[in-house]
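Welcome to this tour. Please open the model in your viewer and keep the selection box handy, as each stop begins with something to pick.

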Amino acid sequence: MKSAPWPKGKKLVHLDLKGAPPRVEYLHKLIQCFSQLGADGLLLEYEDMFPYEGELKLLQATAQPAYSREEVLSLQSVARSKGMEVIPLVQTFGHMEFVLKHRPVWGLREVAHCVGTLNPHKEEGLRLVMEMLRQVVELHPGLNTLHVGADEVYMLGEGEESKLWLSSPGRTVEQLFLNHVTKVAKAIKEAWPHMTIIMWDDMMRGLSPDTLRACDLVGLVQPMLWDYTPNLDVDRTVSLLEKYHSVGMADLWAASSFKGSTSVHTNVPKTQRHVENHLQWLKVAELVSSGLNLKGIAITGWQRYDHLSVLCELLPVALPSLAACLQTLIHGQLSAEAQHKVTEQLGVSSVEVEAMGSSSEGGTSLFPGRKLAELVVELNLLLNSEDIRFFENNMFVRGWFSPYHRQRRMVTPLITMQIHSQASMFLDVLQQKVEAVREEMNRLYPHSTVQEWIEEHVSPVMAPLQRIVDEITTCVKEMVP
């Protein structure tokens with residue numbers, strides 16, 4: 001069913017750089033592509049790829065160099081040339097893993113075993129956050145809007161100082177959360193009075209209107225309500241937005257997803273799943289009251305679920321999904337016209353990356369990284385084929401090369417050599433495809449990303465096959481003269 005197109009306001013593409021940070025030349029091409037696909041802003045989450053200096057230099061990535069100051073400025077220049085606003089996202093409470101993993105600041109964690117949550121009681125923590133923000137703002141000339149994160153503040157209230165604070169009558173974990181975020185927001189307004197502050201909304205969802213109305217955040221921040229599911233509850237989401245609006249938070253944002261929200265280890269996104277998420281958001285936009293100002297929507301593209309989790313879908317593989325989601329917002333549905341726009345712009349035969357066809361079929365295309373996308377899709381199909389992924393469970397391996405056989409090195413050579421031949425063939429096919437992926441990925445990403453992606457997504461499938469090949473060779477030597 002068709003909805004009205006997305007109302008006025010920004011359509012931001014979220015770049016999550018805490019994993020698989022693209023080489024800067026490729027990032028320039030991506031930003032130009034986003035613009036041509038219909039985006040008019042970037043939500044830039046640098047994490048450890050920002051060139052922090054001085055006492056914060058330890059926050060910079062070590063697996064690969066952080067972007068240089070010149071590179072950060074060049075990203076903004078490319079975006080500005082396309083009329084795109086750049087909004088940096090700097091976590092200031094939860095999901096601070098990239099900061100709090102470092103030994104010198106272990107003492108700023110809320111609890112020792114939760115690497116992501118900042119202790120809200122230590123002045124040193126607030127100073128650290130403000131210095132991070134100061135350096136980011138300084139390297140974004142003319143910046144008007146900051147996103148301060150503040151989602152998923154796990155284990156808040158569990159630290160010793162928090163327990164002591166909460167022991168006073170009437171104090172709650174919700175107040176603890178609001179107090180810290182308010183401190184950060186007020187410090188930002190003091191330093192940069194013109195700055196608009198966005199924050200994730202999830203920690204406020206359970207708060208009563210009275211609690212929200214009484215806190216000092218009203219008028220200081222603009223909540224960004226996120227939901228990435230294809231079956232987003234429209235009525236509940238409208239109700240949440242209306243609650244925020246009713247307490248005086250008139251300016252609100254939405255956040256959807258074009259990748260990185262299916263499962264923590266997904267390699268290839270399903271476009272339809274993400275389009276359905278946007279169709280639900282369009283229904284929400286139609287139903288909210290006229291006085292509620294939806295400032296825009298951030299189309300998120302998570303590269304990891306958090307700083308310490310595995311890599312999920314790479315950007316090139318998700319471009320058809322992003323294009324389809326943007327066209328869905330522009331047209332109010334993924335109509336034939338919207339689909340044609342996507343296939344024409346990207347030079348593909350389908351909005352689903354697994355069915356888009358090969359680049360040899362068309363001429364020029366606005367699809368930076370297409371060859372890598374094709375290779376990842378092909379490799380992913382191999383990695384998920386039952387014959388390969390569950391090779392150890394096939395009848396011959398379980399029947400003639402069980403752990404019992406391997407331990408005693410008593411095997412039937414005729415059958416085990418057939419197993420060896422099959423496993424070796426699968427390994428050869430995988431290795432050829434992996435090398436093609438490695439070569440192409442190295443063009444777009446740092447070597448460390450290529451190595452990590454292969455170790456996380458390919459090695460767990462190839463290692464058991466290699467082990468079988470090696471063990472059969474050893475066992476057969478014991479049985480054949």
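**Stop 1: one helix, one pair**

Select Glu439 and Arg443: both sit in helix 16 (residues 413–444), 4 residues apart, which is about one turn of the helix. Helices here are DSSP runs of H or I with at least four residues, strands are runs of E with at least two, and both are numbered from the N terminus. Show the side chains, and you will find Glu439 and Arg443 joined in a salt bridge (3.3 Å, N to O). A salt bridge is a side-chain nitrogen of Lys or Arg within 4 Å of a carboxyl oxygen of Asp or Glu. Arg443 is partly exposed, with a relative accessible area of 48%. On this scale buried means under 20% relative accessible area, exposed means over 50%, and partly exposed lies in between (1.4 Å probe, protein chains only).

Before moving on, note that this is a predicted model, in which local features need pLDDT of at least 70 and side-chain atom pairs count only at pLDDT 80 or more, while totals for chains, interfaces and linings use all residues. Residues are numbered from 1 along each chain as its sequence is written, and side-chain values use heavy atoms, with hydrogens and water left out.

**Stop 2: zoom out**

Now display the whole chain, with its 18 helices and 8 strands. Its radius of gyration is 25 Å, close to the 23 Å that the globule rule gives for 481 residues, so the chain is as compact as a globular protein of that length. That radius is taken over C-alpha atoms, and the globule rule is 2.2 Å times the number of residues to the power 0.38. Along the principal axes, the C-alpha atoms fill a box of roughly 85 × 55 × 45 Å.

Try colouring by burial: buried residues make up 56% of the 481 residues. For contacts (heavy atoms within 4.5 Å), look at pairs with a separation of 6 or more: residues 24 or more positions apart account for 77% of them.

**Stop 3: bridges between distant parts**

How many salt bridges does the structure hold? There are 23. Select Glu53 and Arg69, whose side chains form one at 3.6 Å, N to O. This pair links distant parts of the chain, 16 residues apart: Glu53 is in the loop between strand 2 (41–45) and helix 2 (69–81), and Arg69 is in helix 2. Glu53 is partly exposed at 39% relative accessible area, and Arg69 is also partly exposed, at 27%. Add Glu131, Arg134 and Glu138 to the selection, and you have a network of salt bridges that links these residues with Glu53 and Arg69.

Next, pick Glu471 and Arg406, which meet in a salt bridge of 3.2 Å, N to O. They are 65 residues apart and link distant parts of the chain, with Glu471 in helix 18 (residues 459–479) and Arg406 in helix 15 (residues 403–408). Are these two buried or partly exposed? Glu471 is partly exposed, at 26%, whereas Arg406 is buried, at 17%.

**Stop 4: a loop and the helix after it**

Go to the loop between strand 4 (145–147) and helix 5 (160–166), and select Gly159 there. Gly159 is buried, with a relative accessible area of 2%. Leaving out residues up to four places away in sequence, Gly159 touches Glu110 and Val111.

In the loop between strand 4 and helix 5 you can also pick Ala150. Phi of Ala150 is near 75°, a positive value in a residue other than glycine, and Ala150 is buried at 0% relative accessibility. Met155 shares this loop between strand 4 and helix 5. Although Met155 is not a glycine, its phi is positive, at about 65°. Met155 is partly exposed, at 33%.

Step into helix 5 and select Glu161, which is partly exposed at 34%. Apart from residues up to four places away in sequence, Glu161 touches Asn119, His121 and Lys122.

**Last stop: a buried threonine**

Finally, select Thr237 in helix 8 (residues 234–246). Thr237 is buried, with a relative accessible area of 1%. Which residues are in contact with Thr237, leaving aside its neighbours within four places in sequence? They are Leu225, Leu232, Trp281 and Val284.
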